[in-house]
Amino acid sequence: MAYSSSRQLRSKGPCMNPTAPDPLKGAHVVVFGGATGIGLATATAAHARGARVTLVGRTPAKLAAAAAPLGARTAIADITDRRAVEAVFVESDPIDHLVITAGALGGGPIAVTDPDVLLAALQERIAGPLYAIKAALPLMSPTGSIVLTGGQFSDRPSAGFSVVAAAVRGIEALAQALALELKPIRVNVIAPGFVDTPLFNVMGEAARNGLLVQAARSLPGGRIGQADEVAQAILLLLVNGHMNGEVLHVDGGGRLV
Ligand SMILES: NC(=O)c1ccc[n+]([C@@H]2O[C@H](COP(=O)([O-])OP(=O)(O)OC[C@H]3O[C@@H](n4cnc5c(N)ncnc54)[C@H](OP(=O)(O)O)[C@@H]3O)[C@@H](O)[C@H]2O)c1
């Protein structure tokens, strides 16, 4: 491409100049999975920088508790339910950023787990984001962005989580293809390692603690991540107008051990 003037070389995206107004101020950020964990930490950090947030999830009581301190709009939807996802956007304001952290701890050994249970991970992590992106698109700002959630299983698969591994690897491919297809909207992936969130509560307290203590011991820093550490990385993906098709790892070095 030939540049006719230096102006064409300048970014038209969100400005990273520290003296410029924060690009999140006044922005509308929609978070699927925003009631707890990484999604709530992202919504809280975005709100602290002046963003308006909409929290989407399946459980009204959790959403209400999360939304109250943020003055957030809430919407009830299971991300695997296409019609419910479309309804989220019917009366929505224009959207600057769409963040999708919705997901539960799925999986199981293939030999003993019903295929429909295993495939629910694909429905939740591939079909769900597709429904949300497609429904949000008409409302999205061309200078906005989408962040999908992958995970460490993409690089470091674990027995018993084969379909989750396939799903998170697939999310990376999906995001990179969509970064080309949806341009100039940017599409990125956040890839957390082990993070201290309610995700693991379904295991029961003893199993949860055992897993997370073992994970912490394996990491160079000797601890697992906190939701706000992942949230800050997500905000970087939202405001840095030159990050696109990126898979940003926040795993404490988990891919190295
Ligand atoms: N924590 C980790 O160590 C870790 C590591 C790698 C990747 N991740 C991924 O990061 C994402 C966020 O997890 P988290 O750690 O923040 O856990 P979390 O606190 O359990 O957050 C997940 C949120 O998603 C919502 N959700 C779950 N399934 C949904 C569905 N089908 N439709 C709509 N909302 C749904 C949950 O609320 P409701 O149940 O009320 O809907 C919950 O608020 C997940 O995709 C998880 O797999 C987490």
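**Cores and a helix pair**

Q: Which residues does Val29 touch, not counting residues up to four places away in sequence?
A: This is a predicted model: local features need pLDDT of at least 70, side-chain atom pairs count only at pLDDT 80 or more, and totals for chains, interfaces and linings use all residues. Numbering starts from 1 along each chain as its sequence is written, and side-chain values use heavy atoms, without hydrogens or water. Taking contact as heavy atoms within 4.5 Å, Val29 touches Leu24, Ala46, Ala51, Arg52, Val53, Thr54, His97, Val99 and Leu238.

Q: Which element gives the most residues to the largest nonpolar core?
A: A nonpolar core joins buried (under 20% relative accessible area) Ala, Val, Leu, Ile, Met, Phe, Trp, Tyr and Cys through side-chain atoms within 4.5 Å. The largest has 33 residues, with Val29 and Leu238 among those with the most contacts inside it. Helices (DSSP H or I, at least four residues) and strands (E, at least two) are numbered from the N terminus; β1, α1, β2, α2 and α7 each give two or more residues. With 9 residues, the top contributor is α7.

Q: How are α4 and α5 oriented to each other?
A: Their axes, lines fitted to C-alpha atoms over the stretch in contact, with angles from 0 to 180 degrees between N-to-C directions, come within 8 Å and cross at roughly 20 degrees. Angles under 35 degrees count as roughly parallel, so α4 and α5 are roughly parallel.

Q: Is Ala215 buried or exposed?
A: Ala215 sits in α6 and contacts Phe194 and Ile224, leaving aside neighbours within four places in sequence. Its relative accessibility is 6%, so Ala215 counts as buried.

How values were computed:
Angles under 35 degrees count as roughly parallel, over 145 as roughly antiparallel, 65 to 115 as roughly perpendicular and the rest as oblique. Buried means under 20% relative accessible area, exposed over 50%, partly exposed in between (1.4 Å probe, protein chains only).
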